[in-house]
Structures are given as C-alpha cells and as structure tokens.
Amino acid sequence: MSGSTIENKLSVLRKFFRLYGSAAIAFSGGVDSTFLLKVAHDELGEKAIAISALSVLSPKRETEAAAAFCRNEGIRYFTFQIDPLKIHRFKNNPENRCYICKKEIFTKIISLALKNGVFTVCDGSNADDTGDYRPGMKALAELGIKSPLLQCGFTKSDVRELSKEMGLPSWNKPSAACLASRFVYGEEITEKKLKMVENAEDFLHGKGFSQLRIRIHGENLARIEVKPEDFRKILENKDEITKYFKSLGFIYTSLDLIGFRSGSMNEVIKNERD
C-alpha cells in the first residue's frame with residue numbers, strides 16, 4: 001500500500017479524535033491499542049486516557065508493558081480488577097465467550113470513562129479483524145464502542161508501519177490474544193489451567209520464540225503453535241521444553257505441524273458451519 005494512502009488514513013484518524021474532543025482507549029499494550037492511544041494522546045493531550053482491565057486473562061508481562069508505556073508517554077492511565085471466572089457462563093467457555101467477556105469489561109470501561117469526564121470509548125479493532133469469528137465485536141456494537149482503526153480502514157500492516165515511523169516499541173510486537181483463546185470451546189476455563197498456559201508461554205518467550213501460542217486440551221496436553229521456521233528450534237530444545245511443561249502439569253507436549261495462526265480454536269466452528 002502506498003505511503004500516501006496510509007498518511008490519508010492517519011489524517012482521518014487524527015480528525016476523528018479532534019471531532020470527539022476526548023477519548024478513552026481500551027488499552028492492552030498490544031500493537032493496535034498502543035498506536036491508537038499514541039495518536040489520541042498526540043491530538044487530545046490529557047483528554048485522552050487509557051483504561052485496562054486487569055485479570056488472569058492477561059499475562060503479567062503484557063500488563064507491566066502497558067503501564068510502562070503510559071508512564072513514559074505521560075498518559076493518564078486507569079485500571080480495574082475483574083475476575084472473568086465469576087462472570088455468568090464465561091468459565092464454561094461457550095462459543096460466544098468473547099461476547100460475554102467483552103460485554104462485562106467494556107461496560108465497566110464506559111463507567112470508568114464517564115467518571116473521568118470522557119464520553120467516547122474506543123477499542124483497537126482493525127480491518128483485518130473482520131476476517132475471523134469474533135463475537136466480541138457484537139458486544140462493542142451494542143455498547144456503542146468506537147473502533148476508529150476499523151472505521152478508517154487501517155490494516156495490521158498499516159499500524160505496524162506507522163508505529164515504526166513513530167518509534168513505538170510495539171511496532172514489531174507479536175500479535176497477542178487473551179489467554180482464554182487457548183482453550184477448546186466447551187472446555188472449562190480454570191485459574192490453574194490459565195496459569196499453566198501463561199507459564200508455558202513465558203518459558204518459550206524466554207527461549208527466544210516470539211510469535212507463539214500454547215493451546216491447552218484438557219489438563220494433560222499442551223499443543224505448541226510456532227512459526228514453521230521455528231520448528232527445528234523446538235525440536236532441538238524438546239527435552240528441556242517437555243521437562244518444564246511436565247513440571248507445570250502437562251503430561252503430553254505436541255507440536256502443531258501447521259504452525260502458528262491466530263484463532264486456531266475457531267477452526268472447529270468453521271468446519272461445523274461449512
């Protein structure tokens with residue numbers, strides 16, 4: 001895509017924030033929300049705030065990075081604690097789990113934004129997010145949440161390119177998703193299994209793997225998704241990996257031969273509907 005087209009999108013995005021005059025950004029610290037927050041803050045100053053929901057679904061490394069970014073940029077940052085396992089039906093992990101969770105979380109974000117005099121709440125959905133099964137977007141629409149990146153036509157590659165130009169530390173950050181996305185639909189989500197997944201992923205990140213997921217099947221099986229070019233490295237470290245995973249409680253460790261892909265747990269839904 002030409003630079004002029006990207007710059008046009010950025011210009012429209014800046015106008016969006018100036019039009020609304022204030023904005024609360026649902027902030028995860030990921031590529032999209034970091035870029036969105038930066039642009040909002042550049043345009044609105046103190047009238048742009050960041051709000052994060054802290055829970056067992058967010059790896060500690062992500063919440064710490066989000067807080068550090070806001071401190072470094074001088075952005076007003078608000079957080080609240082939420083226990084998604086106490087949200088009705090969430091832990092049963094139905095196919096609309098994301099809808100259930102986002103409805104609860106964004107209702108609280110709206111309330112916190114209003115308490116701070118901000119009437120526009122935005123999330124970081126982009127144009128690429130329309131290509132997968134995302135029931136959470138229904139919740140955003142019902143609550144009137146704005147998705148300026150999507151509205152302005154930004155793709156993930158657009159966001160990364162402009163983030164790099166702006167010097168944002170997130171420009172090449174691997175795509176992330178909440179830890180609940182690691183579970184098979186219909187399988188109960190527990191705090192124990194969430195920690196198993198988080199610790200397993202932290203271990204592989206520490207070994208130098210960047211883009212990865214640990215999908216959990218029951219309490220016994222960990223399915224590793226990494227990029228195909230990282231398969232050899234996984235096999236070279238298989239003894240250390242399986243030993244550590246067993247210490248977490250996984251009896252079996254497998255390598256997905258298709259490799260990393262976002263939303264792989266949705267493949268079952270797609271197959272059933274085809």
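## Around helix α8

Right after α8 comes G208, with a positive phi near 100°. That's a handy place to start in this predicted model, since the helix just before G208 turns up again in the core and in a pocket.

α8 itself has 16 residues, and its first and last C-alpha atoms sit 22 Å apart, close to the 22 Å expected at 1.5 Å a residue. Its buried residues are K193, L194, M196, V197, E198, A200, E201, F203 and L204, so charged K193, E198 and E201 are on that list too. What do the buried residues of α8 pack against? The partners are α3, β5, β6 (221-226), α9 (231-236) and α10 (238-248).

## Two nonpolar cores

The largest nonpolar core holds 47 residues, and the ones touching the most other members are F90, L204 and F245. Helix α4 (residues 97-115) is the top contributor to this core, giving eight residues. There's also a second core, lying apart from the largest one, with 28 residues that include F16, F17, L36 and V159. As a rule, nonpolar side chains in soluble globular proteins tend to be buried together.

L204 is worth a closer look, as it is both a buried residue of α8 and one of the best-connected members of the largest core. Skipping neighbours within four places in sequence, L204 is in contact with F209, L212, I214, I224, I234, I241 and F245. F245, then, is a contact of L204 and is also named with L204 and F90 among the residues that touch the most other core members.

## The second largest pocket

How much space lies in the second largest pocket? About 190 Å³. Its lining is made up of 15 residues, with R61, E62, P174, H205 and S210 lying nearest the centre.

α3 (60-73), α8 (191-206) and β5 (212-217) each put at least two residues into that lining. Sorted by class, the lining has six charged, five nonpolar and four polar residues.

## Two positive phi values before α4

The loop between β3 (76-81) and α4 is home to R89, which isn't a glycine but still has a positive phi of about 75°. N93 is found in the loop between β3 and α4 as well, and this non-glycine residue also has a positive phi, near 55°.

Are R89 and N93 buried or exposed? R89 has a relative accessible area of 38%, so it counts as partly exposed. N93 is at 0% relative accessibility, so N93 counts as buried.

How values were computed:
Residues numbered from 1 in each chain as written. Predicted model: local features only at pLDDT ≥ 70, side-chain atom pairs only at ≥ 80, totals over all residues. Heavy atoms only, no water. Core = buried A, V, L, I, M, F, W, Y, C linked by side-chain atoms within 4.5 Å. Buried < 20%, exposed > 50% of the residue type's maximum accessible area, 1.4 Å probe, protein only. Helix = DSSP H or I, 4+ residues; strand = E, 2+ residues; numbered from the N terminus. Contact = heavy atoms within 4.5 Å. 1 Å grid on protein atoms, 1.4 Å probe; cavity = no way out; pocket = protein on both sides within 12 Å on 5 of 7 lines; lining within 4 Å. Points joined across faces, edges and corners; volume = space filled by probe spheres on them. Expected span 1.5 Å × (residues − 1).
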